[in-house]
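Me: I am new to this structure and would like a close look at a single part of it. Could you walk me through that part and then connect it to what lies around it?

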Amino acid sequence: MQTLLVIFGSFFKIGLFTFGGGYAMIPLIEREVIDRRGWVERREFLDLLTLAQSVPGPIAVNTAVFVGYRMRGVRGALAALWGTILPSFTIILLIALFFADIRHNPVVDAAFKGMRPAVVALIIGPVVSLARGMRWPMFAVIAAAALAIWGLGWSPVYVLAAAAAAGIGWELAVAGKAGKRRQHPAEKPENANSELK
């Protein structure tokens, strides 16, 4: 059983050293909770990510809350939540206080320009992780969702709702077929012999 301080410290470290927003935090969360700590399995983490994307709020915060809750219930969720948001809140507060003084600083501007490609790489990492193990029909769903959102201008909320409904329908259809196979097993060879007579 992990202590609340360990949960808080793990997510505080992630929040402190991540730039680029929620998606950029996902590889660090993945490394910490799967590879380093072994708190969740990779498949379960992907399910948590899917759940975190489907509820309102930043994905990194939602993922931290779900992992914390999985580890220690409500207290674990609160420890992970505070660990994730406290560094960002503090840094943003400091930037807001001193932004007028540093916004035209060429060193700060150059640092932000240099960080952009790294942030893009950090965002691509979770996409690759999520795509691992997917079957080819899922890539068709990804392409259709991207077309609906960017090509047709549909709201991501409607696309997510439609994808969830399609996933439920697919699972029910697959479960229904499996249930029918159990109810009507293949004919036994002795039945085939009786037909030959």
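**A close look at Asn-62**

Reply: Happy to help! Asn-62 counts as buried, because its relative accessibility is 11% and the cut-off for buried is under 20%. Please keep in mind that this is a predicted model, and every value here is computed from it.

Where does Asn-62 sit? Its place is in helix 4, which covers residues 59-102. The side chain of Asn-62 has a polar atom 3.3 Å from the backbone oxygen of Pro-56. Pro-56 also appears in the list of residues that Asn-62 contacts once neighbours within four places in sequence are left aside; the others in that list are Ala-52, Val-55 and Gly-57. One of these, Ala-52, falls within helix 3, which spans 42-54.

Now let us step back to the whole chain. It has eight helices and zero strands, so read from the N terminus the elements run α-α-α-α-α-α-α-α. Of the 197 residues in the chain, 22% are buried, and Asn-62 is one of the buried ones. How much of the contact pattern joins distant residues? Among contacts between residues at least 6 apart in sequence, 55% join residues at least 24 apart.

Next come the charged pairs. Side chains of opposite charge can pair when their charged atoms come close. The structure holds seven salt bridges. One of them joins Lys-13 and Glu-32, with the closest N and O atoms 3.2 Å apart. This pair links distant parts of the chain, as Lys-13 belongs to helix 1 (residues 4-16) and Glu-32 to helix 2 (residues 22-36), 19 residues apart. Are the two partners buried or exposed? Glu-32 is buried, with a relative accessible area of 4%, whereas Lys-13 counts as partly exposed at 34% relative accessibility.

Glu-32 has a further partner: its side chain meets that of Arg-37 in a salt bridge, 3.0 Å from N to O. Arg-37 counts as partly exposed, because its relative accessibility is 32%. Salt bridges that share partners join Lys-13, Glu-32, Arg-36 and Arg-37 into one network. Another salt bridge brings together the side chains of Asp-35 and Arg-42, again with 3.0 Å from N to O. Arg-42 counts as partly exposed, at 34% relative accessibility.

Finally, a word on the open space in the model. The largest pocket has a volume of about 2300 Å³. Which residues lie nearest its centre? They are Thr-50, Met-134, Val-141, Ile-142 and Ala-163, out of 47 residues that line this pocket. The elements that give two or more residues to the lining are helix 2, helix 3, helix 5 (106-131), helix 6 (136-151) and helix 7 (156-183). Helix 7 provides the largest share, with 13 residues. By class, the lining has 36 nonpolar, six polar and five charged residues.

To return to where we began: Asn-62 is a buried residue in helix 4, with a side-chain polar atom 3.3 Å from the backbone oxygen of Pro-56.

Terms used:
Residues numbered from 1 in each chain as written. Predicted model: local features only at pLDDT ≥ 70, side-chain atom pairs only at ≥ 80, totals over all residues. Heavy atoms only, no water. Helix = DSSP H or I, 4+ residues; strand = E, 2+ residues; numbered from the N terminus. Buried < 20%, exposed > 50% of the residue type's maximum accessible area, 1.4 Å probe, protein only. Polar contact = N/O pair within 3.5 Å; in protein donor to acceptor, adjacent residues only side chain to side chain. Contact = heavy atoms within 4.5 Å. Salt bridge = Lys/Arg side-chain N within 4 Å of Asp/Glu carboxyl O. 1 Å grid on protein atoms, 1.4 Å probe; cavity = no way out; pocket = protein on both sides within 12 Å on 5 of 7 lines; lining within 4 Å. Points joined across faces, edges and corners; volume = space filled by probe spheres on them. Nonpolar A, V, L, I, M, F, W, Y, C, P; charged D, E, K, R; others polar.
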